[in-house]
Amino acid sequence: MKPLSALVSMATACLMLAACTKTDVKPENSLVFPAGTLYTAMPKAAFSKHKAGLLKAEYLTCNKSKSEGKTIIYNDKKTFPDAEFVSLDPRRGSTRMLTFAIGDQLTHDFGISQNAVHAAIERAMNTWSKASCTRLQMQQVFTTENLGYVSSQLGFGGYANNIADIQHAGFLPGEFFNQLTPGGGDFILAVTFTFIYFDENGAPTDIDGNGINDVAFRETYYNDNFQWRISKNTDYDIESVALHETGHALGLSHFGKGILCKDGKIRFTPRAVMNAVYVDALRQPKEEDKSFECAIWKNWNN
Ligand SMILES: [Zn+2]
């Protein structure tokens, strides 16, 4: 296993800031086209020197608080994305379609077939697709290779290229999550990494000029240190967590105020898919989730 790489130091830095803000990177330094030139009219070769690099990692924690006796307050407000997929991006195939792939990495048998895991994640993807006010089209890409760019860089297997815009790379051991933050393997259920494009000078790109970094791909990992289920009644429901992580893959941040109750459980207002902590199974976006997603994606098909 490789030691902590620059990649994870960057992820950790982001986690400590709770959320990376736009000031972390400076889109205004990025590629500028001649006046009046649309990115969609540029030949793909114009972007050939652009490379994907890590922007941030966002994770969902379990509901077992280690700080009992204290009142933990989560007070996340909706944050407009610091990075977005670009519609018709020539670097992603000039399409309005979002592709996704589901990998088979699994190091712990929790008694659920690979097919059932895939089906649960597919349902979560489908749910977001239907919830969208933009009729977001998602297309699954199949591969016989393992998936996982981050895991391949950290010596946990995987594949050193992304094959889809949104990758559910698989289930990895707690040690992988310990590299995100100390003890992370004990409380991080899942993490989603955002990769953006950088130009040949190392500056983040903003080819559509909307002031937001351009996403190259996003990748999710699940922690096999936990007992996973496909159940609305028993923790932890794969479909609910996949729905939350796909929310990040679509640019949604955490939101909601959480308080630690006397029974040791955390309760959120509003209760939403994008609350920072897993409370119980939630397989449908709430109105607050839907309006957030709609605000981000409303111009996708224009
Ligand atoms: Zn999250």
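Trainee: Where is Pro 270 found?

Mentor: In this predicted model, Pro 270 is found in the loop that runs between strand S10 (266-269) and helix H7 (287-297), and the peptide bond leading to Pro 270 from Thr 269 is cis, with omega near -10°.

Trainee: Which residues does the cis peptide bond with omega of about -5° join?

Mentor: That cis bond joins Asp 235 and Tyr 236, and Tyr 236 lies in the loop between strand S8 (213-223) and H6.

Trainee: What makes H2 oblique to H6?

Mentor: Helix H2 (residues 114-131) and helix H6 (residues 238-249) pack at an angle of about 45°, their axes being 8 Å apart. Angles of 65 to 115 degrees count as roughly perpendicular and those under 35 degrees as roughly parallel, and the angle here falls in neither class, so H2 is called oblique to H6. The crossing of H2 past H6 is right-handed, and among the residues making the contact are Trp 128 of H2 and Leu 243 of H6. The residues of this contact divide into nine nonpolar, two polar and two charged.

Trainee: Why is Ser 94 counted as exposed?

Mentor: Ser 94, in the loop between S3 and S4, has 12 C-beta neighbours inside 10 Å; a residue with 12 or fewer is exposed, and therefore Ser 94 counts as exposed.

Trainee: Why is Leu 88 called partly exposed?

Mentor: Leu 88 has 14 other C-beta atoms within 10 Å, while exposed requires 12 or fewer and buried 20 or more, so Leu 88 is partly exposed. Phi of Leu 88 is near 60°, a positive value in a residue other than glycine.

Conventions: Residues numbered from 1 in each chain as written. Predicted model: local features only at pLDDT ≥ 70, side-chain atom pairs only at ≥ 80, totals over all residues. Axes fitted to C-alpha atoms, helices over the stretch in contact; angles between N-to-C directions. Helix = DSSP H or I, 4+ residues; strand = E, 2+ residues; numbered from the N terminus. Parallel < 35°, antiparallel > 145°, perpendicular 65-115°, else oblique. Left-handed = near helix turned anticlockwise from the far one by under 90°. Contact = placed C-beta atoms within 7 Å. Nonpolar A, V, L, I, M, F, W, Y, C, P; charged D, E, K, R; others polar.
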